[in-house]
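Biologist: I'm new to reading models like this one. Please take a close look at the nonpolar inside for me, and tell me how the rest of the chain sits around it.

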Amino acid sequence: PQLLDRSQQEELAETLRQAVAAAPLFIPVMPRTGRPFSVRMTNLGQLGWVSDRSGYRYQPRHPDTGQPWPPIPEAVLEVWRRVAAYPAPPEACLVNVYREGARMGLHQDADEEYFAAPVDSISLGDTAVFRIGGQLRGGPTRTLKLSSGDVLVMGGAARLSYHGIDRLVPGSSTLLRDGGRINLTLRRVTRPAPSP
Ligand code: MD3
Ligand code: FE
């Protein structure tokens, strides 16, 4: 809880505004059906997660602009170094943008080639009701609120747990002028090269 103080949150929100200007938000769609997500996304880093009619995958370029994703900001890499307890840097930073009414259904993060590194997430803006279960679909779940400045580290057995966002708590934060929530999810996608 509250790993980032208010001024760090404000600075990060401003940095993300600049990144989103270079790598515009897009609305992912479900594979096969083409049903749109209620969350808008973009990515930072060497690899970005995308979903379209052909499937889910990581790719080095923005699907609309064809440009490489902007770099992961130093302040975000610093959070990873503080909390990940993992020697190699993240390769992917998915930026999820929620407006009131947006949600994310229960899923596993399993599109990566490598699961030994944790996934870290940073929350900004309105509080979200986050749901987490075990490694099997259909098991018991519980909810947890994620507030602006909170950082969640999912490592070890939790790395493959089912999770999602039920809803936002509208008006719960003044960080973002238009309300809503931004979540950054930091991941290793590939196995890191052995270090000396
Ligand atoms: C638990 N994002 O992008 S972040 C996602 O708030 C995603 O936007 C949510 O789930 C969001 O895939 C939740 C917290 C999170 C991230 C990764 C996890 C929880 C996790 C990986 C494994 C288990
Ligand atoms: Fe996820």
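Modeller: Let's begin with charge: the protein has 23 positive and 19 negative charges, and their mean positions are 7 Å apart. Here Lys and Arg count as positive, Asp and Glu as negative, while His and the chain ends are left out. Each charge is placed at NZ of Lys, CZ of Arg, CG of Asp or CD of Glu.

Some ground rules before we go inside. This is a predicted model, where local features need pLDDT of at least 70 and side-chain atom pairs count only at pLDDT 80 or more, though totals for chains, interfaces and linings use all residues. Residues are numbered from 1 along each chain as its sequence is written, chains are lettered from A and ligands numbered from 1 in the order in which they are written, and side-chain values use heavy atoms, with hydrogens and water left out.

Now the overall build. The protein has 2 helices and 11 strands, in the order α-β-β-β-α-β-β-β-β-β-β-β-β from the N terminus. Those are DSSP runs, numbered from the N terminus: helices are H or I with at least four residues, strands are E with at least two. The C-alpha atoms fill a box of roughly 45 × 40 × 35 Å along the principal axes. The radius of gyration is 16 Å, which agrees with the value near 16 Å for a compact globule of 196 residues. That yardstick is 2.2 Å times the number of residues to the power 0.38, with the radius taken over C-alpha atoms.

So what's inside? Of the 196 residues, 49% count as buried, meaning under 20% relative accessible area (exposed is over 50%, partly exposed in between, using a 1.4 Å probe and protein chains only). In soluble globular proteins, nonpolar side chains tend to be buried together. Here the largest nonpolar core has 27 residues, and L12, V76, I122, I182 and L184 have the most contacts inside it. A core, in this sense, is a set of buried Ala, Val, Leu, Ile, Met, Phe, Trp, Tyr and Cys residues joined through side-chain atoms within 4.5 Å. Two or more residues of this core come from each of α1 (6-22), α2 (74-83), β4 (92-98), β6 (119-125) and β11 (181-187).

Zoom in on I182. Setting aside neighbours within four places in sequence, I182 is in contact with L16, V95, N96, V97, I122, S123, L124 and L176, where contact means heavy atoms within 4.5 Å. Across the protein, among contacts between residues at least 6 apart in sequence, 70% join residues at least 24 apart. There's also another core, apart from the largest one, with 23 residues, among them W49, A92, M104 and V189.

Next to A92 in sequence you'll find E91, in the loop between α2 and β4. Buried or exposed? At 7% relative accessibility, E91 counts as buried. Leaving out neighbours within four places in sequence, its contacts are L44, G45, Q46, L47, I72, R187, R188, V189 and T190. One of those, V189, belongs to that second core.

The same α2-to-β4 loop also holds A85, but A85 is exposed at 78%. A85 has a positive phi of about 50 degrees although it isn't a glycine. Most residues other than glycine have a negative phi. R32, in the loop between α1 and β1 (40-45), has a positive phi too, about 65 degrees, and R32 is exposed at 71%.

Other exposed spots include R81 in helix α2, with a relative accessible area of 53%, and R191 in the segment after β11, at 63%. R191 and A117 are 74 residues apart in sequence, yet 8.8 Å apart C-alpha to C-alpha. A157, in the loop between β9 (151-154) and β10 (163-168), is exposed at 57%; its C-alpha atom is separated by 22 Å from that of W49.
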